[in-house]
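Colleague: I am new to this structure and would like a close look at a single part of it, with enough of the whole chain around it to keep my bearings.

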Amino acid sequence: MNPHCNAAMYLAVLCISACVLTTTAQYSICPGDDYSIYEGYFCDFYEDCPSGGDEEECTEFDCWDGSTIPYGEVCDDSILCGTTAAPGPYCDQLACDDGTCVVGAQCNDVIECADGSDENGLFCCPEVACHPPVDPTTQITACISYDALCDGTNDCPGGEDEENDFCDCYDGGSHAMCPDGETCIRAGSICNTYNDCGNWEDEAMCR
């Protein structure tokens, strides 16, 4: 499933540093927009750029098995991506991170994907996602409210909502920690189309 979230969710991701982003990720500017997205989001049958420019002039669609099919044949009721990695998840099924397809619903507190990705807290928590569980195939990520951050009580199972470095940066919600765990930026800098974290991490998952 595509790791997209809104500005409020991404603030939570930055705060808890649970987002899977690395300094090796490559980003590109959206056609016609002053906006940057992860290169892997281009031509993935999902509009990430504000104007949808990442899905324009696409000729091929990358299947999970490494093969490619003509872009125009995605969601045309024919399975062309192999036996398990079909374009169906973009149409009427749930796509798991391991490339399989299941009939189910995301964020319903029932683990339906074998890898547990349908209950990923980065998508499912309405406010703040704690660090992912050790075994996401059997446990669902804990969610807490913004009010619980840095309130002197460990609300996340691992206590990451009360870590000193994070709370020194958080400052009542006025700032957020970048995924590198070192760079502290203003909360208003998230999803503002500027590279505040240094590698577009604060802009990569915004919609």
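What percentage of the residues of the protein chain count as buried? After that, please take me closely through the loop between β2 and β3, where D54 is found.

Modeller: Please keep in mind throughout that this is a predicted model. Of the 207 residues of the protein chain, 42% count as buried, and the chain exposes about 10,400 Å², of which carbon and sulfur atoms supply 47%. The secondary structure comes to 3 helices and 10 strands, and from the N terminus on the elements follow one another as α-β-β-β-β-β-β-α-β-β-α-β-β. Among the contacts in the protein chain with a separation of 6 or more, 34% are between residues 24 or more positions apart.

Now to the loop you asked about. It runs between β2 (36-38) and β3 (60-62), and E57 has its place there, as does D54. D54 counts as buried because its relative accessibility is 0%, and buried means under 20%. Leaving aside the neighbours within four places in sequence, D54 is in contact with P31, I37, Y41, F42, C43, Y46, E47, D48 and C49. E57, by contrast, counts as exposed, because its relative accessibility is 81% and the cut-off for exposed is over 50%. The backbone of E57 also deserves a look, since E57 has a positive phi of about 55 degrees although it is not a glycine.

The loop before β2 belongs in this picture too. C30 is placed in the loop between β1 (27-29) and β2, and C30 counts as buried, with a relative accessibility of 2%. With neighbours within four places in sequence set aside, the contacts of C30 are Y35, I37, C49 and P50. I37 and C49 are thus named among the contacts of C30 and also among those of D54. C30 and G53 are 23 residues apart in sequence, while in space they are 6.2 Å apart, C-alpha to C-alpha.

A few places elsewhere in the chain can be set beside this part. D171 is found in the loop between α3 (164-170) and β9 (175-177), and, like E57, D171 is not a glycine but has a positive phi, here of about 50 degrees. D171 counts as exposed, with a relative accessibility of 51%, which can be read alongside the 81% of E57.

S189 offers a buried example from further along, in the segment after β10 (184-186). S189 counts as buried because its relative accessibility is 4%, under the 20% cut-off. Not counting residues up to four places away in sequence, S189 touches D196, D202 and E203.

Finally, on the surface, E127, D147, D151 and D155 gather in a patch of negative charge. E127 lies in the loop between α2 (121-124) and β7 (128-129), and E127 is partly exposed, with a relative accessible area of 31%. To return to your loop, what to keep in view is the pairing of D54, which counts as buried, with E57, which counts as exposed.

Definitions and conventions. Residues are numbered from 1 along each chain as its sequence is written. This is a predicted model: local features need pLDDT of at least 70, side-chain atom pairs count only at pLDDT 80 or more; totals for chains, interfaces and linings use all residues. Side-chain values use heavy atoms; hydrogens and water are left out. Patches are made of residues with over 30% relative accessible area and no salt bridge: like charges are joined within 9 Å, nonpolar side chains (Val, Leu, Ile, Met, Phe, Trp, Tyr) within 5 Å. Accessible areas come from the Shrake-Rupley method with a 1.4 Å probe; for residues, only the protein chains shown count as cover. A salt bridge is a side-chain nitrogen of Lys or Arg within 4 Å of a carboxyl oxygen of Asp or Glu. Lys and Arg count as positive and Asp and Glu as negative; His and the chain ends are not counted. The place of a charge is taken as NZ of Lys, CZ of Arg, CG of Asp or CD of Glu. Helices (H or I, at least four residues) and strands (E, at least two) are DSSP runs, numbered from the N terminus. Buried means under 20% relative accessible area, exposed over 50%, partly exposed in between (1.4 Å probe, protein chains only). Contact means heavy atoms within 4.5 Å.
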